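User: Got a minute to walk through this one with me? I'd like to start with a helix and see where we end up.
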Amino acid sequence: MPQVVEQIRHVCMLGAFESVLAIKRAVPIIHAGPGCGAKLWTTLGMQNGCQGSGYVGGHAIPCTNASEQEVVFGGSDRLREVIGNTFDVIDGDLFVVMTGCTSDIVGDDVGEITRKFQRQGKPIVYIESGGFKGSNLEGHELVIDAIIDQYLKPAKEVEKGLVNIWSIVPYQNTFWSGDIEQLKGLVSSIGLKPNVIFGYDGGIEALNKVPEAQFNLLISPWVGLKNVKKLEEKFGTPYLHYPALPIGPTETAKFLRTVAEFSGISSSVVEEVIQRQEERYYYYLERAADNMLETRLLPRRFVTIADSIYALGISRFLTNDLGLIPEKQFITDGTPLEYQNSVAAEFRNFTDDIVAETVFTNDGGFVEEELRKIKFRSRPLILGSGWERVVSKDIKGYHLSIATPVCDHMVLSKSYVGYDGSLHLTEDIYSVVLDDFQ
Amino acid sequence: MAINLRRSEAVIREKRLKSVVGYQGSIKDLANKSQSGCLKNARRGFSQAANCSSGCAQGHLSTILDAAVVNHAPIGCAADVIGANTGFRWGQNIRNWEKRNVRIINTNMTESATVFGGGKLLKEGIREAYRRFNPKAIFVTTSCASGIIGDDVESILREEEEDLGIPVVPVFCEGFRSQIWATGFDAVFHALLTRIVKPPEKKRPEMVNVINFTASAREYVKEMFAELGLVPQFGIPYSTIDQISRMSEAGATISICGTLGGYFGNGLEQKFGVPYVTTLQPHGISGIDNWLRNLGKVLGKEKEVEDYIAKQKILIKPELDEIKSKLKGKRVVVGMGPSFSHNYIRLLEDFGMEVVWGMAWHFDPQHDHGGLPHCTMELAKKERDIPASVSDQQNHEVLNLLNKLKPDIYIGRHPGLSVWATKMGIPTIMVSDEYSAFGYKGTIDFGYRIIDVLTNNSFARNLSKRIKLPYTDWWFEQEPFIFLDDEELKKNAASS
């Protein structure tokens, strides 16, 4: 298969500056050409659920706007100047220097420049994130690693019940802010104290508490594994890796039981939470069932074209709870080869021995060709990005955008996670069906 | 100075037009310095994320209907494409077309390509683009990575062109080469002028090339031109390769935006003798008057133009008077690309508003016809001088200025800045449609748009009370241009 990509679903490593922006009052400092930032926030922000610039995003991001001068003669002086002035001009708690292609090819010693500021006591870390080095999901891991290595200090003592949650990649996963709220809600519903550095009530305090946690909870097929391993290595904090994003009653119950067992919470507490939530969930679903079943319109089969985390979470819900059947599942997050087998295995683990075929590709053009080859016997549900609007129409699919770039919806606090989230997903899917013929 | 069409690559604006991104002063000073050739770019000691030429190039190329684009770059350089695609859907929608996606392939350069060269990937990208899209031409946009490692793009493209039998054309737009993103438009037009536009088979004197973006006001322009016995041919977006190749047959070229159309217009004049109408932009009444008159002069339609203008002025007078009475004395800051900025300043002043500051996202002391842009010259002739600055959307400078000036309204163009004025509680208009304030009707509509924005500012007011801006108190206490390495500023500071 050619290496080329069309209709991109994630960006380059430098795009992880959005993960920095997702930490309240954290400031990326980009050492790259003048257009890198604006291009990257188009896919990750503006055209992705209308996520905007926030506190210090967009054109507020300090950037060297590297020119021919920096490419020919090196950009170290320019970077030093911009970092120095950033401390005067920008009101922030943590600064993350991130390089682009120009600096990484030319070989500016960004580490040395940053360390000088660190020695002055400045809260600053760096990563070398030239676009050719990998994806923004890998960049997200590098940002967290850099913070662990260069910023965090060991805790004096561990706080029992405190759990760091690591999961969706901010901005890359369009629903990240709402998802964090839902995940925090789920974790606290069984008596634990969630700590998340990202989102509207995260920030530097949450970050400083990371080493104090009883354990790290990673909810993600692969992104973040490196980070929780590093945290274990550096601070001795154990971790629980739960690959699937809990969407819908089946997966969410399993998730809550797993977390409770790992953290030593009694099963009676968890079972009570699950029972209460399921009662609420099925109260609504019972009422939805009439329309879903009696109008002949509920799709039978679905395709997801998404990051592994959403493809897995959503396919579990649609298969295990809503009774749909998975067609091919396209994983577009550039899952590194080392993880592809374990990710694919998760898609062979559905109710009623149902298995789904997974295809790893980040080339939307290839996905489009594959979709056109599938013989659908009824109108399928296509859960992908805004790119799929065209092909979905051609193959008479019902289309809902759930993956980057979600250019056709505004997403604020919406989430499909947990019990409540899965109700919203059901609403959205069925609204697409109703909207289609009216 | 003539455009050099023998090269494979457009000369960047900084070198070709002596364009700048760092300046502060006034319109008259800017015009004087430009005309005497002593306008210098001032660099900044602090800067924030701007834009690059590749975005402009890809955005424009992707709207050519039967062409494909290969972006020879790491994947992130194609991150702007979804924005181009959404714009393309908008354009298809207003034409009632069946929607499709833009046709851009990225070669996905990885570490090994930067070490061993990206030639193989580039060939693969071109082959895939040909197989997937069956295009009439393929444009290859370059990137910082491909430029620095020195891939021999030209010879690879020559080989592919021979094999495929369609034009395979390089569009050089490495982000680091120029600080002026509009250079990306020049790169596109250079590629079209040198490789796509053919010598005319027959002349079509009634045909006028109208260089624009989405062309939302097509019907209005058609109606207007019909009165003059002329037919507009809109481009480059939503045109085919065949239509572009025959733009040499037109009677004249005119542009909605001097920054956008200058290279192509002057290039067509230079290479094929199609006159380029240099004029004010058709925004505001004096703008459209001048646009039509200069077009009429070039094509011998003076009388028709005067008749049309006279009729229109009578029609709009009552509403124009109402707008003026409501907007008189309102203090406004303008922030746009240079041509739009200096044209909108005129139109807002014509409404009776007071432009207290004019910002331009870069400035060309001359356009490719060889003289100062008409809009700047016109403003410089006015009695009142207007404070002005040039920056590549430097957010810290803009917010510091707005905080000191506290205007009644901010009117901007180009995404990514209007929101910051809104966050400061300032009523804000973002002019995203190039035909906003176009012609007589458009000017009136725009006047009422300003009145509406001034009528209810609750959104900005409430937002500004609840959010904190990312700047330190220290910064807001400073003068806005302290990071600008400007000799005059330093002299003034030393003497005060």
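Analyst: Sure. One bit of vocabulary before we begin: helices here are DSSP runs of H or I with at least four residues, numbered from the N terminus. Also keep in mind that this is a predicted model.

User: OK, so what comes right after α17(B)?
Analyst: K406(B) follows α17(B), and the phi of K406(B) is positive, near 40°.

User: And the helix itself, why call it largely enclosed?
Analyst: Helix α17 of chain B spans residues 395-405, and 8 of its 11 residues are buried, so the rest of the structure largely encloses it. Buried here means 20 or more other C-beta atoms within 10 Å of the residue's own.

User: Which residues of α17(B) are the buried ones?
Analyst: They are N395(B), H396(B), E397(B), V398(B), L399(B), N400(B), L401(B) and L402(B).

User: What covers them?
Analyst: The cover includes α4 (76-89) from chain A. From chain B it includes the strands β9 (331-336), β10 (354-360) and β12 (409-412), plus the helices α18 (418-423) and α21 (473-477).

User: How does α17(B) sit on those strands?
Analyst: α17(B) lies across β9, β10 and β12 of chain B, and runs at about 175° to β10(B).

User: What's the strand order in that sheet?
Analyst: It's an open sheet of 6 strands in chain B, ordered β1-β11-β10-β9-β12-β13, with mixed pairing. At the edges are β1 (23-26) and β13 (428-430) of chain B, each pairing on one side only. From one strand to the next, the twist averages 15°.

User: Parallel or antiparallel for β12(B) and β13(B)?
Analyst: Parallel, over 3 bridges. As for a specific partner, Y410(B) is bridged to T428(B) in β13(B).

User: Switching to chain A. How is chain A divided?
Analyst: Into domain 1 (13-150), domain 2 (162-263) and domain 3 (267-279 + 288-437).

User: How far apart are the C-alpha centres of domains 2 and 3 of chain A?
Analyst: The centres lie 22 Å apart. The contact takes 33 residues from domain 2 of chain A and 35 residues from domain 3 of chain A.

User: Which helices supply the domain 2 side?
Analyst: α8 (176-189) and α11 (249-263) of chain A each supply at least two residues of the side touching domain 3. α8(A) gives the most, with 9 residues.

User: And what is that side like by class?
Analyst: On domain 2 of chain A, the side touching domain 3 has 16 nonpolar, 13 polar and 4 charged residues.

Key: Residues are numbered from 1 along each chain as its sequence is written. Chains are lettered from A and ligands numbered from 1 in the order in which they are written. This is a predicted model: local features need pLDDT of at least 70, side-chain atom pairs count only at pLDDT 80 or more; totals for chains, interfaces and linings use all residues. A residue is buried if 20 or more other C-beta atoms lie within 10 Å of its own, exposed if 12 or fewer, and partly exposed in between; C-beta atoms are placed from the backbone. Two residues are in contact if their C-beta atoms, placed from the backbone, lie within 7 Å. Domain bounds come from an automatic or database domain assignment. Ala, Val, Leu, Ile, Met, Phe, Trp, Tyr, Cys and Pro count as nonpolar, Asp, Glu, Lys and Arg as charged, and the others, Gly among them, as polar. Two strands pair if DSSP finds at least two bridges between them. Axes are lines fitted to C-alpha atoms, for helices over the stretch in contact, and angles run from 0 to 180 degrees between N-to-C directions.
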